[in-house]
Amino acid sequence: MSNQNIDALNDTLKTLIDSHKGYEKACEMCDDTSLQSTLERRANERKQLISDLQSRVRELGGKPETDGGVLGKAHRTLMDLSGSFSDN
């Protein structure tokens, strides 16, 4: 597999990592236990996909992504800000 394919897998990893962190953040902010269960399940699904893709990148001789992207981090920051306003 080419470096282009490894790059594509790493781009997908960034998105999955952001998704995983977003579900975890939403779960922390949620008061509804039923919704928390759904969010936890989704976070765990993403975590498994991340692990699988990271292993595949290593098998192909690449270095897998371990962190999400800038936009994902910005979105979680906005979630924190909006959560701090709704707590008051």
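This tour moves through the structure in steps, saying at each one what to select and what is found there. The model is a predicted one.

**First stop: helix 1**

Begin by selecting residues 3-29, which form helix 1. This helix has 27 residues, and the distance from its first C-alpha to its last is 39 Å, close to the 39 Å expected at 1.5 Å a residue. Colour its buried residues next; among them are Ile 6, Leu 9, Leu 13, Leu 16 and Ile 17. The buried set of helix 1 also includes residues such as Asn 10, Asp 18, His 20 and Lys 25.

Now select Ala 8, which belongs to helix 1. Is Ala 8 buried, partly exposed or exposed? With a relative accessible area of 40%, Ala 8 is partly exposed. Add Val 57 to the selection and draw a line between the two C-alpha atoms. The pair is 49 residues apart in sequence, and the C-alpha atoms are 10.0 Å apart in space.

**Second stop: a salt bridge in helix 1**

Remain in helix 1 and show the side chains of Lys 25 and Glu 28. They meet in a salt bridge, with a distance of 3.6 Å from N to O. As background, side chains of opposite charge can pair when their charged atoms come close. Lys 25 and Glu 28 are three residues apart in helix 1, about one turn of the helix. The two partners may also be examined for accessibility. Lys 25 counts as buried at 18% relative accessibility, whereas Glu 28 is exposed, with a relative accessible area of 61%.

**Third stop: two cysteines**

Select Cys 27 and Cys 30, and display their sulfur atoms. Why is there no bond between the sulfurs of Cys 27 and Cys 30? The sulfur of Cys 27 has its closest cysteine sulfur in Cys 30, at 6.8 Å, which is too far for a bond. A disulfide requires the two sulfur atoms to be within 2.5 Å. A search of the whole structure accordingly finds zero disulfides. Both residues can be checked for burial: Cys 27 is buried, with a relative accessible area of 11%, and Cys 30 counts as buried at 12%.

**Fourth stop: helix 2 and its contacts with helix 1**

Select residues 33-59, which form helix 2. Within this helix, pick out Ile 50. Ile 50 is buried, with a relative accessible area of 10%; the limit for that label is under 20%. Which residues does Ile 50 touch, not counting residues up to four places away in sequence? They are Leu 13, Leu 16, Ile 17 and His 20. Each of these also appears among the buried residues of helix 1. For one of the contacts, measure between C-alpha atoms: Ile 50 and His 20 are 8.7 Å apart in space, although their positions lie 30 residues apart in sequence numbering.

Move next to Arg 46, also in helix 2. At 18% relative accessibility, Arg 46 counts as buried. Leaving aside neighbours within four places in sequence, Arg 46 is in contact with Leu 16, Ser 19, His 20 and Tyr 23. Leu 16 and His 20 are thus contacts of Arg 46 and of Ile 50.

**Fifth stop: charged pairs of helix 2**

The structure holds five salt bridges, and helix 2 offers further examples to display. Show Arg 56 and Glu 59 first. Their closest N and O atoms are 3.1 Å apart, forming a salt bridge. The two residues are separated by about one helical turn because they are three residues apart in helix 2. Arg 56 counts as partly exposed at 36% relative accessibility, and Glu 59 is exposed, with a relative accessible area of 59%. Elsewhere, salt bridges that share partners join Arg 41, Glu 45 and Arg 46 into one network.

Select Arg 41 and Glu 45 to view one link of this network. Their side chains meet in a salt bridge of 3.8 Å, N to O. Both residues lie in helix 2, four residues apart, about one turn of the helix. Arg 41 counts as partly exposed at 43% relative accessibility, as does Glu 45 at 37%.

**Last stop: a surface patch**

Finally, select Leu 78, Leu 81 and Phe 85 and show their surface. Together these residues make a nonpolar surface patch of about 360 Å². Leu 78 lies in helix 3, which covers residues 70-86. At 56% relative accessibility, Leu 78 counts as exposed.

How values were computed:
Residues are numbered from 1 along each chain as its sequence is written. This is a predicted model: local features need pLDDT of at least 70, side-chain atom pairs count only at pLDDT 80 or more; totals for chains, interfaces and linings use all residues. Side-chain values use heavy atoms; hydrogens and water are left out. Buried means under 20% relative accessible area, exposed over 50%, partly exposed in between (1.4 Å probe, protein chains only). Contact means heavy atoms within 4.5 Å. Patches are made of residues with over 30% relative accessible area and no salt bridge: like charges are joined within 9 Å, nonpolar side chains (Val, Leu, Ile, Met, Phe, Trp, Tyr) within 5 Å. Accessible areas come from the Shrake-Rupley method with a 1.4 Å probe; for residues, only the protein chains shown count as cover. A salt bridge is a side-chain nitrogen of Lys or Arg within 4 Å of a carboxyl oxygen of Asp or Glu. The expected span of a helix is 1.5 Å times one less than its number of residues.
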